[in-house]
Amino acid sequence: MSSTFFTWLRSPAAREYFFSTHFWGPVANWGLPLAALADLRKDEEVISGTMTTALACYSMVFMRFAWRVQPRNYLLFACHATNATAQSIQEIRFVNYWYNGGREKKLAALEEGTNTDGPVTQAIKQASADKKL
């Protein structure tokens, strides 16, 4: 198996592939899913529902494109599948936070003093305290 891969790697077909947009386009595109994966650790307060939905739809469209183009671009497909998955998780976090009581639970925990995990959370706590005055 590995000898077949290394034989292909030394072939003109491999050089043609690695010097094409079929390879470098998806490689450059990996910035989107990597940023989306990094954003999964951020506070729900900063998630944009509109942008998250747009990015998920964008990636789903290009997943189909990567599958339909000939020859199939598996690297582009994997890139957009990763991004669509990460954006979908972000969308679930957004909906749970803003529409399913997540924000209220977080504010209640802040009032009890059990959850102080970042500058955004502290800003929420400050805004909540200001409203009470």
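Here are a few exercises on this predicted model, each with a worked solution.

**Ground rules**

Residues count from 1 along each chain as its sequence is written, and side-chain values use heavy atoms, with hydrogens and water left out. As the model is predicted, local features need pLDDT of at least 70 and side-chain atom pairs count only at pLDDT 80 or more, while totals for chains, interfaces and linings use all residues.

**Exercise 1. Find which helix has the highest mean pLDDT and which has the lowest.**

Step 1. Start with the score itself: pLDDT is the predictor's confidence in each residue, from 0 to 100.

Step 2. Look at the whole protein chain: the average is 85, and 91% of the residues score at least 70.

Step 3. Now go element by element. Helices here are DSSP runs of H or I with at least four residues, and strands are runs of E with at least two, numbered from the N terminus. Helix H5 comes out highest with a mean of 95, and helix H8 (residues 119-132) lowest with 71.

**Exercise 2. Work out which residues join into one salt-bridge network.**

Step 1. Set the rule: a salt bridge is a side-chain nitrogen of Lys or Arg within 4 Å of a carboxyl oxygen of Asp or Glu. Searching the whole structure turns up five of them.

Step 2. Take Lys-106 and Asp-43, whose side chains meet at 2.5 Å, N to O. Lys-106 sits in helix H7 (residues 102-112) and Asp-43 in the loop between helix H4 (31-39) and helix H5 (49-68), so this pair links distant parts of the chain, 63 residues apart.

Step 3. Check how covered they are. Buried means under 20% relative accessible area, exposed over 50%, and partly exposed in between (1.4 Å probe, protein chains only). Lys-106 is buried at 12%, and Asp-43 is buried too, at 14%.

Step 4. Take Arg-93 and Glu-44, which form a salt bridge at 3.6 Å, N to O. Arg-93 belongs to helix H6 (residues 74-99) and Glu-44 to the loop between H4 and H5, so this pair ties together parts 49 residues apart in sequence. Arg-93 is buried at 17%, whereas Glu-44 is partly exposed at 22%.

Step 5. Put it together: salt bridges that share partners join Asp-43, Glu-44, Arg-93 and Lys-106 into one network.

Step 6. For another salt bridge, look at Lys-42 and Asp-39, with their closest N and O atoms 3.3 Å apart. Here Lys-42 is partly exposed at 47%, and Asp-39 is partly exposed at 28%.

**Exercise 3. Show where the buried residues of H5 lie around the helix, and what they pack against.**

Step 1. Check the length. The expected span is 1.5 Å times one less than the number of residues. For the 20 residues of H5 that gives 28 Å, and the end C-alpha atoms are 29 Å apart, which agrees.

Step 2. List the buried residues: Gly-49, Thr-52, Ala-56, Ser-59, Met-63 and Ala-66. Down the axis of H5, they fall within an arc of 115° (taken from the directions from the helix axis to the C-beta atoms), so they line one face.

Step 3. Look at the other side of H5, where Thr-50, Val-61, Arg-64 and Arg-68 are exposed.

Step 4. Find the partner: the buried residues of H5 pack against H6.

Step 5. Zoom in on Ser-59, which is buried at 0%. Contact means heavy atoms within 4.5 Å. Setting aside neighbours within four places in sequence, Ser-59 touches His-80, Asn-83 and Ala-84, and those three are among the buried residues of H6.

Step 6. Do the same for Ala-66, also buried at 0%. Leaving out neighbours within four places in sequence, Ala-66 is in contact with Arg-72, Asn-73, Leu-76 and Phe-77. The C-alpha atoms of Ala-66 and Leu-76 are 5.9 Å apart, with their positions 10 residues apart along the chain.

**Exercise 4. Spot the cis peptide bond and the positive phi.**

Step 1. Recall the background: most residues other than glycine have a negative phi, and most peptide bonds are trans.

Step 2. Find the cis bond, from Gln-70 to Pro-71, with omega near -5°. Pro-71 is in the loop between H5 and H6.

Step 3. Move to just after H6, where Gly-101 has a positive phi of about 85°.
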